[in-house]
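Welcome! Please take a look at the sequence and the structure below, and then let us walk through a few of the places in it together.

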Amino acid sequence: MGQKGPLAGRDDIPVGIIFSATGHLSVIEKSSIDVTLFAVDAINERGGIGGRRIRPYLIDGRSDLRTYAAGIGELITRHNVLCTIGGYTSASRRAMLPTVIARNHLLYLPTCWEGKECVQNIIYTGPVANQHSVELIPYMVRNHGPRAYFIGSDYVWPRESNAVARVWLEQQGGKRVSEIYVPLGLTDLGAVLEQIRHLAPDFIFSTLVGDSAVAFYREFARAGMDREKMPIASLTTSEGEVQAMGVDAGEGHILSAPYFQSLTTPSNPAFVERFLSSPYGGSGVTHFNMENTYLAVLALERALTICLSTKDWDEILPADIRAASAGLILDDTVSPEGRVWIDRNNFCMAFVPKIGLCRNDGQFEILHVAEKYVLPDPYALYPERGVCRMEGLHTPDNMVVPNALY
């Protein structure tokens, strides 16, 4: 008899959900809650997985790191969930990681992240840093000019993402005229815009998130700055933030992402229609972080189905779900952005990066699509540290380091 897992003695599938329904990050995280519940309902309406319904347990992260740290513990110890879907900022991921690793739990992280770690308890369904700016920075230099102003929220993801972007900028012969970080949630950005006006860069590279991003675009518009001569290029400011800030503030700016609501892939129009017409569609739009979250639920459904082909319910552990996810493909009949797959070594997803221009209806016109998939590389800037594989970081001196953190 094997080890008993979280499903032993139950007739449902307990799954944790942790995003911020309140606070300065709720502008984007609330819709990730909505799409998770939408996907869970759809699975349950089809009869569940192997005849069992998913039972979601929801924690509001409140845009607060301590709440995330406590919340993941509650999901694991009190509700004994099989896995958890959640986290938007890398700061919230790192707040949850000690408990996730210590309890040998499985976290689906459905958001962009910076890399530089190799963790055996996470499946990453959002893009890593090398899958974002590798297309965006050359595009901006080619079409707008070489002088870039960098601004980001002050935590690990913007800083590491900007480190990657600086490499691409230098390779393109570009120049960073300034780089500034502001506290998470800061909305008074008038002084920053005055500095930008003075420096007159060719484009602004923004890694601001949440309410800070919304405020920055609004103040840019109010200041009468020229979005054609000096557009904001972002990795995060999607249809969701544009909905919050108003189209007048978002129009004319640029986003790099694997998904846009305007995509005409085989499954996206139906996904958009079903979601927006559902009880969960109050956001009025879909966006890439929401879609990456939707992919996490689909990937869980597929992986658990694979596990059930060889194991009884009582024997399935979070580690089994991860093992079954190696190389898992979501084709264009189910994935709104088109075919994607989970890398069998680092458990990040392979994506086709895209670049879009916000139109006057709040949707994005696709300006550029990468010619091929960009494979995830968490150590793109740090090859001397080794290569992330299924069992840990393989270092140049032939060591294997599980759960390698920077």
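## A histidine and its neighbours

Leaving aside residues up to four places away in sequence, His368 touches Glu135, Tyr139, Pro353, Lys354 and Ile355. With Glu135 there is also a polar contact, in which the two side chains come to 2.6 Å. If you would like to find His368 in the picture, look in strand β15, which covers residues 364–369. Keep in mind that this is a predicted model.

## Helix α5 and what covers it

Next, have a look at helix α5, made of the 16 residues 156–171. From the first C-alpha to the last, α5 reaches 23 Å, close to the 22 Å expected at 1.5 Å a residue. After the helix comes Gly173, which has a positive phi, near 80°.

Which residues of α5 are buried? They are Val156, Trp157, Pro158, Glu160, Ser161, Asn162, Ala163, Val164, Ala165 and Leu169. Their cover includes two helices, α3 (90–102) and α4 (133–144), together with the strands β6 (147–153), β7 (175–182) and β8 (203–207).

## A sheet of three strands

Further along the chain, 3 strands make an open sheet, with antiparallel pairing and the order β16-β17-β18. The edges belong to β16 (387–389) and β18 (400–401); each has a single partner strand, so one side of each is left without a neighbour in the sheet.

Strand β17 (residues 392–394) pairs with β18 in the antiparallel sense, over 2 bridges. Leu393 has Val401 of β18 as its bridge partner.

## The disulfide

A disulfide is a covalent bond between the sulfur atoms of two cysteines. How many does the structure hold? There is 1, and it joins Cys118 to Cys388, with 2.1 Å from S to S. The link is right-handed, with 80° about the S-S bond.

Cys118 sits in the loop between β4 (107–109) and β5 (122–124), while Cys388 belongs to strand β16, so the bond ties together parts that are 270 residues apart in sequence. Both ends are tucked away: Cys118 counts as buried at 1% relative accessibility, and Cys388 is buried with a relative accessible area of 7%.

## Cysteines outside the bond

Cys112 is in no disulfide, and its nearest cysteine sulfur, in Cys348, is 12 Å away. Cys112 is buried, at 4% relative accessible area.

Why does Cys358 not bond to Cys112? The sulfur of Cys112 is the closest cysteine sulfur to that of Cys358, but the distance is 18 Å, too far for a bond. Cys358 is likewise buried, with a relative accessible area of 3%.

Conventions: Residues numbered from 1 in each chain as written. Predicted model: local features only at pLDDT ≥ 70, side-chain atom pairs only at ≥ 80, totals over all residues. Heavy atoms only, no water. Helix = DSSP H or I, 4+ residues; strand = E, 2+ residues; numbered from the N terminus. Expected span 1.5 Å × (residues − 1). Buried < 20%, exposed > 50% of the residue type's maximum accessible area, 1.4 Å probe, protein only. Contact = heavy atoms within 4.5 Å. Polar contact = N/O pair within 3.5 Å; in protein donor to acceptor, adjacent residues only side chain to side chain. Pairing = 2+ DSSP bridges. Disulfide = S-S within 2.5 Å.
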